[in-house]
Amino acid sequence: MAVRVQREDFDAGAEVRRLTAERTDIGAVVTFTGLVRSEAKGQPVSTMTLEHYPGMTEEELRRVEEEARTRWPLQASLVIHRTGALEPGDNIVLVVTASAHRQAAFAAAEFLMDYLKTRAPFWKKETGPGGAGRWVDARDSDERALERWR
Amino acid sequence: MTRGTTVKLLYFAWVREKVGRAEEAVELAEGVETVADLVAWIKSRGPEYAAAFERHDVIRAAVDRRHVQPSASIRGAREIAFFPPVTGG
């Protein structure tokens, strides 16, 4: 069970190997990686800058992780979220869930992402080639995605 | 809330840009009991605050690093943050 907020990139494969090393009780690992796209709503994106609320971000991610663990039998979980200036193709977020069986791992990974997107205090600012920055608006669909977990 | 209570206010994303600062310590006015009271008081502090909090219905708040509703009490709070809906992930 771990939560990391960092500027550095991550290696999903290395994180999974670390998580499953010398364990034989894990039957399923699900990973989700979110990446920066070069286009948003028809506008080119050259830089995506992620601001966050140090302290609250980690606490909120831990609360979401604890909630996932009360709902599904997870052997391990990991959330890594990057901050700072990122470029198209860069990794933004990694969620890894491990369980004895796939259903719990799939569901918990989706739950973690849905809650992270609506609860963790991160804000994205996209900058186009012209240098004009714009804050990304929250999506109603992200809020609606939570309804299935209630 | 008694007179003389100091709290740290934090602003993020476009709220921070419009206010023109990331954080400040303020002494709360008497009668400021809830997050909504605090927003109304902040808006009265100057044009940059009025502009930043003009769309106060979309601004979210956290008291001591927990999401709260506008009706939440700020009694005893040390740190109160204001920000747009979050967009991580």
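Student: How many residues does each chain give to the contact between chain B and chain A?

Tutor: Contact here means heavy atoms within 4.5 Å. By that reading, chain A brings 27 residues and chain B brings 19 residues. A word on the source: this is a predicted model, where local features need pLDDT of at least 70 and side-chain atom pairs count only at pLDDT 80 or more, while totals for chains, interfaces and linings use all residues. Residues are numbered from 1 along each chain as its sequence is written, chains are lettered from A, and side-chain values use heavy atoms, with hydrogens and water left out.

Student: What area is buried between chain B and chain A?

Tutor: Buried area is the accessible area (1.4 Å probe) that two parts lose on being put together, summed over both. Here the figure is about 1,900 Å², with carbon and sulfur atoms giving 55%. On the chain B side, B:Arg65, B:Thr87 and B:Gly89 supply 36% of the area that chain B buries against chain A, more than any other three residues.

Student: How many salt bridges are there between chain B and chain A?

Tutor: Side chains of opposite charge can pair when their charged atoms come close. The criterion is a side-chain nitrogen of Lys or Arg within 4 Å of a carboxyl oxygen of Asp or Glu. Between chain B and chain A the count is three. One of them joins B:Arg16 to A:Glu51, with the closest N and O atoms 2.5 Å apart. A:Lys125 and B:Glu17 also meet in a salt bridge, at 2.5 Å from N to O. That pair crosses from strand S9 (residues 122–127) of chain A to helix H1 of chain B; helices (H or I, at least four residues) and strands (E, at least two) are DSSP runs, numbered from the N terminus.

Student: Which parts does the salt bridge between A:Arg82 and A:Asp9 tie together?

Tutor: This one has an N to O distance of 3.6 Å. A:Arg82 lies in strand S6 (residues 74–82) of chain A and A:Asp9 in the loop between strand S1 (2–6) and helix H1 (12–20), so the pair ties together parts that are 73 residues apart in sequence.

Student: Is each partner buried or exposed?

Tutor: Buried means under 20% relative accessible area, exposed over 50%, and partly exposed in between (1.4 Å probe, protein chains only). A:Arg82 is buried at 9%, whereas A:Asp9 is partly exposed at 46%.

Student: Which residues are linked in a network of salt bridges?

Tutor: The network links A:Glu59, A:Glu60, A:Arg63, B:Arg65 and B:Glu79. Within helix H2 (residues 56–71) of chain A, A:Arg63 and A:Glu59 sit four residues apart, about one turn of the helix.
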